[in-house]
Amino acid sequence: MQVLITAGPTHEPIDPVRFIGNRSSGKMGYALAEAAVARGDEVTLISGPVCLAAPRGVARTIRVTTSDEMYEAVHAHLEGIDLAILCAAVADYKIADVAEQKIKKEGCETLTLELVSTRDILASLNFPKKKFRVVGFAAETNRVLGHAREKLSRKGCDAIVVNDVSRMDAGFASDNNEVTVLFREGDEVSFTNAPKTQIAAQLLSLLGARYKM
Ligand code: CTP
């Protein structure tokens, strides 16, 4: 099957030298890409800025920086895909007016930045007549499954993979993860704490069996 995967954070520029980012390492998305290659899938990996080499065997890796670039890259690579797994930690806000020159601190005790919403890439894939399945990720710190269920229906995905990012032993920037997959049909499957490579392989075989891919 043909799989598109987004991974890593996005960086939203403030000025030529600064940005707003987050702690996503990209490990989960890259592990998914590797697991998909191991299954024999054709993989398009769209990655934000991370310190990871593209997994061997990935058909194409597109490196982007901002949420806008990631949005455009995803929409440019939808043709022929069977499954989109959006694992990237996309910034929810970007700077309204990016400064052309470095912002100077002289004489400024406070600095107020105006932020505007970024486009939601996952939600943008919920269009009529789409021919592929869409799986999102949800990073939650409280009411984990409740928030994730709402997100699943709000964003119109087929399934959402939830992790509790308040934990130090799993999720963000960790080598391990512990996730629950919520399906739009109402059922759920949990995977116990394990290396992200193992979780990735389990996830892909679950999705492959579920969607007969
Ligand atoms: N996502 C996306 N584009 C965005 C924001 C999020 O594609 N602009 C995707 C992520 O890749 C992930 C899912 O949406 O698959 C959920 O991301 P998350 O950060 O948990 O949810 P948010 O929509 O940002 O909601 P909130 O931060 O309020 O929990």
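Biologist: How many helices and strands are there in the protein chain?

Modeller: The protein chain has 5 helices and 12 strands, where helices (H or I, at least four residues) and strands (E, at least two) are DSSP runs numbered from the N terminus. This is a predicted model, so local features need pLDDT of at least 70 and side-chain atom pairs pLDDT 80 or more, while totals for chains, interfaces and linings use all residues. Residues are numbered from 1 along each chain as its sequence is written, and side-chain values use heavy atoms, with hydrogens and water left out.

Biologist: What makes the chain as compact as a globular protein of that length?

Modeller: Its radius of gyration, taken over C-alpha atoms, is 18 Å, and the globule rule gives 17 Å for 213 residues, so the two are close and the description fits. That rule is 2.2 Å times the number of residues to the power 0.38.

Biologist: Why is the Asp 92 pair with the ligand called a polar contact?

Modeller: A polar contact is a pair of N or O atoms within 3.5 Å. A polar side-chain atom of Asp 92 lies 2.7 Å from a ligand oxygen atom, so it qualifies under that cut-off. The backbone joins in too: an N or O atom of Ile 121 lies 3.0 Å from a ligand nitrogen atom, and a polar backbone atom of Phe 137 is 2.8 Å from a ligand oxygen atom.

Biologist: Which elements give two or more residues to the shell around the ligand?

Modeller: Those are helix H3 (121-124), strand S9 (133-140) and helix H4 (144-155). S9 gives the largest share, 4 residues.

Biologist: How much of the ligand's accessible area does the protein cover?

Modeller: The protein covers 79% of the 570 Å² that the ligand has on its own, by the Shrake-Rupley method with a 1.4 Å probe.

Methods. A polar contact is a pair of N or O atoms within 3.5 Å; within protein, one must be able to donate a hydrogen and the other to accept it, and residues adjacent in sequence count only if both atoms are side-chain atoms.
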